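Please open the model in your viewer, with the sequence panel beside it, and follow the stops below in order. Each stop names a selection and then says what is there.

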Amino acid sequence: MKPILYIVIPCYNEEKVLPITAPMFLEKLNHLIMQNKISDDSRIMFVNDGSKDKTWDYICSLSKENNKFKGLCLSRNRGHQNALLAGLMTAKEQCDITISIDCDGQDDINAMDKMVDEYIEGSDIVYGVRSSRKTDSWFKRTSAQGFYKFLSYMGAEVVYNHADYRLISSRALKALAEFKEVNIYLRGMIPLVGFKSTCVYYERNERIAGESHYPLSKMLTLAFDGITSLSVKPIRLITNTGIIVAILSIIGIIWAVFEAITGNTVAGWASTTSIVCFIGGVQLISIGVIGEYIGKIYMETKARPRYIISAYTDDINK
């Protein structure tokens with residue numbers, strides 16, 4: 001039996017790019033159907049993440065014109081990861097496999113053919129991995145690659161040069177649904193699900209239209225959320241730093257006492273100030289990192305919903 005595929009696409013203020021990429025996704029879906037790789041019941045599901053423009057109106061019009069298109073609308077902007085999760089969790093009961101992809105046209109949609117092939121051959125998760133970053137600026141390329149390496153160093157299990165372009169089977173999604181945390185970072189959570197996985201490599205293109213919704217500030221926030229959501233190693237580094245500073249302080253005290261006994265003490269305003277500033281800086285950074293973890297614990301204990309769906313095109317079109 002041919003698998004039912006849902007292509008899940010989170011959208012935020014994408015009214016400029018959707019008229020270009022929506023036909024591309026439909027053409028790819030029909031191509032996979034014509035190749036007898038997937039069922040004719042396969043669909044494209046857009047998730048409107050509280051857009052302020054006419055993105056949702058366009059999604060609704062697409063669903064009325066062609067039943068291959070579906071749409072979810074979140075009650076407010078919840079961020080890319082929550083919007084994607086909303087689409088995946090909604091689709092998991094209606095399909096055999098999902099492929100998540102951004103709507104900006106940068107990810108090569110032709111890689112979907114190989115993803116489906118890998119699923120048919122037995123993989124439950126297929127990661128879309130960039131084969132190079134030649135389309136990125138030097139800063140973005142260096143910072144992104146450094147981030148993946150830093151995440152690995154911090155103990156998080158991530159796939160190098162992989163974002164959120166991936167195939168996941170319905171049974172892997174049902175396992176992912178058992179992860180109840182509010183602070184989510186799917187790139188690190190999905191490898192924890194397990195099951196057989198593989199990678200498909202592709203070249204990433206320039207954004208077709210519109211503007212990127214991931215400036216440096218959001219990228220840094222996502223990076224920090226990823227680290228603190230997946231690893232406690234920063235806390236351990238603080239402990240190790242504290243031990244090192246304590247040892248150095250003990251050595252300094254012994255040296256100061258020795259100098260006082262031998263009568264070699266001299267005015268040491270600069271050295272004292274430097275030490276106090278150094279210790280103060282370490283303490284403030286440590287308190288900040290610990291506070292970040294406490295804040296996440298606070299949010300987790302509240303157990304607030306990760307997303308709220310306000311509208312579904314299936315209900316609107318009835």
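A residue is called buried here when its relative accessible area is under 20% and exposed when that area is over 50%, with partly exposed in between. By that rule, buried residues make up 45% of the 318 residues in the protein, and the model you are looking at is a predicted one.

Begin with the whole chain in cartoon view, where 11 helices and 8 strands can be found. If you switch to a surface view, the accessible surface comes to about 16500 Å², and 60% of it belongs to carbon and sulfur atoms. Among the contacts in the protein with a separation of 6 or more, 83% are accounted for by residues 24 or more positions apart.

Next, select Ile9, Ile44 and Phe46, which have the most contacts inside the largest nonpolar core, a set of 36 residues. Add helix α1 (residues 18-34), which gives the most to this core, with 7 residues. Apart from that core lies another, of 30 residues, and you can locate it by selecting Tyr6, Leu88, Ala91 and Ala172, which are among its members.

Now return to Phe46 and show its surroundings. Is Phe46 buried or exposed? Phe46 is buried, with a relative accessible area of 0%. Leaving aside residues up to four places away in sequence, Phe46 touches a set of residues that includes Ile9, Cys11, Leu18, Ala22, Phe25, Ile59, Leu62 and Phe69.

Keep Phe46 selected for the aromatic pairs, of which a search of the whole structure finds 2. The rings of Phe46 and Phe69 have their centres 5.9 Å apart and their planes at 20 degrees, and because planes under 30 degrees apart count as stacked, this pair is stacked. Phe46 belongs to strand β2 (residues 43-48) and Phe69 to strand β3 (residues 69-74), so that the pair links distant parts of the chain, 23 residues apart. Phe69 is buried as well, with a relative accessible area of 6%.

For the other arrangement, select Tyr165 and Tyr202, which form an edge-to-face aromatic pair with 5.2 Å centre to centre and 80 degrees between the planes. Because Tyr165 lies in strand β6 (residues 162-169) and Tyr202 in strand β7 (residues 197-202), the pair ties together parts that are 37 residues apart in sequence. Both Tyr165 and Tyr202 are buried.

Then move to Ser170, which lies in helix α6 (residues 170-176). With a relative accessible area of 15%, Ser170 is buried, and when residues up to four places away in sequence are not counted, Ser170 touches Lys92, Cys95 and Asp96.

The next selection is helix α7 (residues 186-193), in which 7 of the 8 residues are buried, so the helix is largely enclosed by the rest of the structure. To see them, show the side chains of Leu186, Arg187, Met189, Ile190, Pro191 and Val193, which together with Gly188 are the buried residues of α7. Following α7 is Gly194, whose phi is positive, near 90 degrees.

Finish on the outside of the model with Ile244, which lies in helix α9 (residues 233-262). Which residues make the nonpolar surface patch? Select Ile243, Ile244, Ile247, Leu248 and Ile251, which make a nonpolar surface patch of about 490 Å².

Terms used:
Residues are numbered from 1 along each chain as its sequence is written. This is a predicted model: local features need pLDDT of at least 70, side-chain atom pairs count only at pLDDT 80 or more; totals for chains, interfaces and linings use all residues. Side-chain values use heavy atoms; hydrogens and water are left out. Patches are made of residues with over 30% relative accessible area and no salt bridge: like charges are joined within 9 Å, nonpolar side chains (Val, Leu, Ile, Met, Phe, Trp, Tyr) within 5 Å. Accessible areas come from the Shrake-Rupley method with a 1.4 Å probe; for residues, only the protein chains shown count as cover. A salt bridge is a side-chain nitrogen of Lys or Arg within 4 Å of a carboxyl oxygen of Asp or Glu. Helices (H or I, at least four residues) and strands (E, at least two) are DSSP runs, numbered from the N terminus. Buried means under 20% relative accessible area, exposed over 50%, partly exposed in between (1.4 Å probe, protein chains only). Contact means heavy atoms within 4.5 Å. Rings of Phe, Tyr and Trp (its six-membered ring) pair if their centres lie within 6.5 Å; planes under 30 degrees apart count as stacked, over 60 as edge-to-face and the rest as tilted. A nonpolar core is a set of buried Ala, Val, Leu, Ile, Met, Phe, Trp, Tyr and Cys residues joined through side-chain atoms within 4.5 Å.
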